[in-house]
Amino acid sequence: MIGATGNVGRPLVAGLVARGARPRILTRDPGGARLAPGAEAVIGDLDTPGRADTLLAGADAAFVVTAGPDAPAHDRTIAAAVARHGVRLVVKVTSVAALPPVRDSYGAAHAAAEAAYLATGAHCTFLRPAAFMSNTLQWHWSVTGRSTVFQPFGDLPQAVVDPADIAEVALRVLDAPELGGRAYTVTGPEPLTPRQRTHRLAAALGRALTFVDAPPEQAHRAMTATGLPPAYVDGLLASQSDPDPARGGLPLPTVHNLTGRPPRTFTDWLAAHVHEFR
């Protein structure tokens with residue numbers, strides 16, 4: 001597993017361990033293995049020579065989440081190791097931005113990753129989620145410090161999805177490979193704008209929050225100030241501004257169809273995470 005200690009990976013590891021599996025995970029920090037109890041840790045990262053081979057040697061299946069500007073290179077490394085070791089099944093989390101026709105460089109990178117895994121000959125399933133509910137945690141600094149949310153495209157709805165639901169979909173596909181071999185768009189149950197999510201967060205906190213619809217140029221400066229390459233930020237913002245409801249704005253029954261229960265609501269997610277904003 002690559003991405004095993006992230007928002008999707010941790011609940012997936014827990015689900016696999018509960019079924020008696022002992023997944024092998026890649027983690028940079030030996031202490032990071034504590035985030036995925038029951039897993040076998042391989043220490044290193046995808047820039048460490050040979051780590052992808054160590055991780056995938058003898059594996060029947062691979063679950064992969066990659067993110068950030070290094071993701072294209074990492075996906076090429078993983079796909080090459082998948083091919084070398086004859087991994088039969090791959091479940092890869094990409095993005096709704098990869099839906100054809102691809103419209104921006106962010107989506108193009110995810111589409112290229114999908115093509116790289118398909119070229120290995122493995123039985124590939126791609127999970128294309130809408131925006132994660134957990135992205136709301138990026139507001140922590142301004143919510144706690146200024147009681148304000150700064151976010152571009154404040155009135156553009158997204159059917160944001162709980163990462164735990166993505167994990168359950170992945171677990172279902174790993175349990176039943178006959179459900180794989182295709183791409184699934186994974187969404188939450190309702191379209192919500194950033195402004196609406198701010199209102200719900202304020203209600204959960206029991207105090208007023210101000211929403212500021214930040215200009216994209218301001219968001220660009222803020223993200224590049226963290227060290228992200230400008231070209232990567234350009235693609236990410238282009239993806240986030242796409243008004244096509246098919247690209248995450250339209251709730252789909254994927255979670256219900258594959259898990260047998262409705263997806264968690266944003267209110268459900270807040271109930272479990274609102275303490276992180278206090």
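**Reading a sheet and a buried residue**

Mentor: In this model, four strands form an open sheet with parallel pairing, in the order β3-β4-β5-β7. Its edge strands, each pairing on one side only, are β3 (61–65) and β7 (183–186). Please keep in mind that the model is predicted.

Trainee: By how many degrees are neighbouring strands of this sheet turned against each other on average?

Mentor: With direction ignored, the average turn between neighbouring strands is 15°.

Trainee: How many bridges join β3 to strand β4?

Mentor: Two strands count as paired if there are at least two bridges between them. Here, β3 and β4 (residues 89–93) run parallel and are joined by five bridges. To see one of the residue pairs, find Ala62, whose bridge partner in β4 is Val90.

Trainee: Which strands does helix α4 lie across?

Mentor: Helix α4, residues 105–118, lies across β3, β4 and β5 (123–129). Relative to β5, the helix runs at about 165°.

Trainee: I should now like to study a single residue. Is Gln151 buried or exposed?

Mentor: A residue is called buried when its relative accessible area is under 20%. Gln151 has a relative accessible area of 17%, and is therefore buried. This residue belongs to strand β6, which comprises residues 148–151.

Trainee: With which residues is Gln151 in contact, leaving aside its neighbours within four places in sequence?

Mentor: Gln151 is in contact with Trp139, Pro194, Phe211, Val212, Asp213 and Ala214, once those neighbours are set aside. With Trp139 there is also a polar contact between the two side chains, at 3.1 Å.

Conventions
Residues numbered from 1 in each chain as written. Predicted model: local features only at pLDDT ≥ 70, side-chain atom pairs only at ≥ 80, totals over all residues. Heavy atoms only, no water. Helix = DSSP H or I, 4+ residues; strand = E, 2+ residues; numbered from the N terminus. Axes fitted to C-alpha atoms, helices over the stretch in contact; angles between N-to-C directions. Contact = heavy atoms within 4.5 Å. Buried < 20%, exposed > 50% of the residue type's maximum accessible area, 1.4 Å probe, protein only. Polar contact = N/O pair within 3.5 Å; in protein donor to acceptor, adjacent residues only side chain to side chain.
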